[in-house]
Every structure is written in C-alpha cells, then in structure tokens.
Amino acid sequence: MRIVFIGPPGAGTGTQAERLVKTYGMAHLSTGDMLRAARDAKTEVGLKADQYMSAGELVPDDIIVAIIAKRLQQDDCRNGYLLDGFPRTIAQAEALDKMLAERGTPLDVVLELQVPEEELFRRLAGRGRADDSPKIIRQRLVAYREQTEPLLKYYSRRDSLRSIDGLGAINDIFDRAKAVLDLLAG
Ligand code: AMP
C-alpha cells in the first residue's frame, strides 16, 4: 500500500506511523526524521533546513521534494510506503502526483488524523523538544493551518481522503487507522 499520513503537529502521526509500518511491513518515510538526521550530520541540506525547522516554519519545497524523489527510488519502497509528514504543501502534493504518475504507482489512500487545536497545543507544550517553545509551537500550528490543511480539500476532491479521530487511547486510534487500511487491502 502507498499511503500519505496527514495530521497537525502533535496529532501523533509519528507514533501511529511506527505501528502501522510494523503491522503492514511497508517503508516508513518521515521527512521530519530525514531532516533531523541531515541536521545532526551537519550536511549542507541539513544545516539549511535547520534554519526553518528551528523557527517552526516549513523547509522550502524544492529541498524536500528532492529528498523524497531520491528516497522513493530505493528498493524498500517497492512494496509500499507510508509518507509521514510529506506532502505538506499543495506544491509538494503536485510534485508527488507527478512522480507517482510517471511510475504508474498511484496512492491508495490519504489518511488524516484529526485532533482539535487546543489539544495539540497541550500535547506539544508537554513534550519538551527543543523546537517546542510556545512561540515555535504556535508557528508550527499556523504553518499547518495555512499550508498543509488545504491538502485535505485537494485529496478529498478525488476521493482519496479518509479521516479518523485522533483523540483517545493510542491503541484505539491505531484500531481506527487499521480499520481504514484493512478495508482498502480487502
Ligand atoms: P515533523 O517531525 O514532521 O513535525 O517535522 C519537523 C520539521 O521538519 C517541520 O516543522 C518542518 O520544519 C520540517 N519538515 C518536515 N517535513 C516537511 C515537509 N514535507 N515540508 C517542509 N518542511 C518539512
């Protein structure tokens, strides 16, 4: 299966993504993890990306699209993958569409994890990562609302979108995600 997993910062997509890839045996493509690894390795791309990440802003589309284009060519993506944190803008979604059309490998589903904004702020403030000061948290939520949320309409127009409730116990949320994917897998 080829899946895009969308959710605001703090919704828990990372946690759920890890469980889903273990269950279904697909590659886990987290652009946040890739960027953090590049930043820690102090590569040119990593250092450039860090300027945006530490401000709670999105990294420019050309950087992230180049990373994903390369990653999708690796062998482990042949049996499906879960994109966690990509695409985050309409331009990225269009670039992804183009790559997938060229390969003849369309997405199976776009899964959205829904969590109300007050709850996100509460969760993020309690998590204590370096990029989680209140000001940065607010900026990340703004980036989601303004740049990523329009993707929901983009994908629902072509009937690719399935939304699940991201509130409650981790196991219950996982069961909701699994129900959607099992239905698709038939
Ligand atoms: P995440 O762990 O997915 O929340 O990503 C951490 C940070 O990496 C984000 O706040 C962005 O600065 C950057 N980032 C991750 N994925 C993307 C993307 N698809 N487009 C732009 N920036 C991204």
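Here a trainee and a mentor talk through the sheet and a helix pair of a predicted model.

Trainee: Happy to start with the sheet! In what order do the five strands of the open sheet lie?

Mentor: Good place to begin. The strands of this open sheet pair in parallel, and neighbours are turned by 20° against each other on average, direction ignored. Reading across the sheet, the order is β2-β3-β1-β4-β5.

Trainee: Which strands stand at the edges of the sheet?

Mentor: Look for strands with a single partner, because one side of each is then left without a neighbour in the sheet. That describes residues 27–30 and residues 161–165, which are β2 and β5.

Trainee: What is the bridge partner of H28 in β3?

Mentor: Follow β2 to its neighbour β3, residues 81–84. The two strands run parallel and are joined by four bridges. In β3, the partner of H28 is L82.

Trainee: Now the helices: are α2 and α3 parallel or oblique to each other?

Mentor: Take α2 as residues 31–40 and α3 as residues 44–53. Their axes come within 8 Å and cross at roughly 120°, and the crossing is left-handed. An angle between 115 and 145 degrees falls outside the parallel, antiparallel and perpendicular ranges, so α2 and α3 are oblique.

Trainee: How many residues in the contact of α2 with α3 are charged?

Mentor: On the α2 side, G32, L35, R36, A38 and R39 take part. They meet G46, L47, A49, D50 and M53 of α3. Five of the contact residues are nonpolar and two are polar, while the charged ones number three.

Technical notes: Residues numbered from 1 in each chain as written. Predicted model: local features only at pLDDT ≥ 70, side-chain atom pairs only at ≥ 80, totals over all residues. Heavy atoms only, no water. Pairing = 2+ DSSP bridges. Axes fitted to C-alpha atoms, helices over the stretch in contact; angles between N-to-C directions. Parallel < 35°, antiparallel > 145°, perpendicular 65-115°, else oblique. Left-handed = near helix turned anticlockwise from the far one by under 90°. Contact = heavy atoms within 4.5 Å. Nonpolar A, V, L, I, M, F, W, Y, C, P; charged D, E, K, R; others polar.
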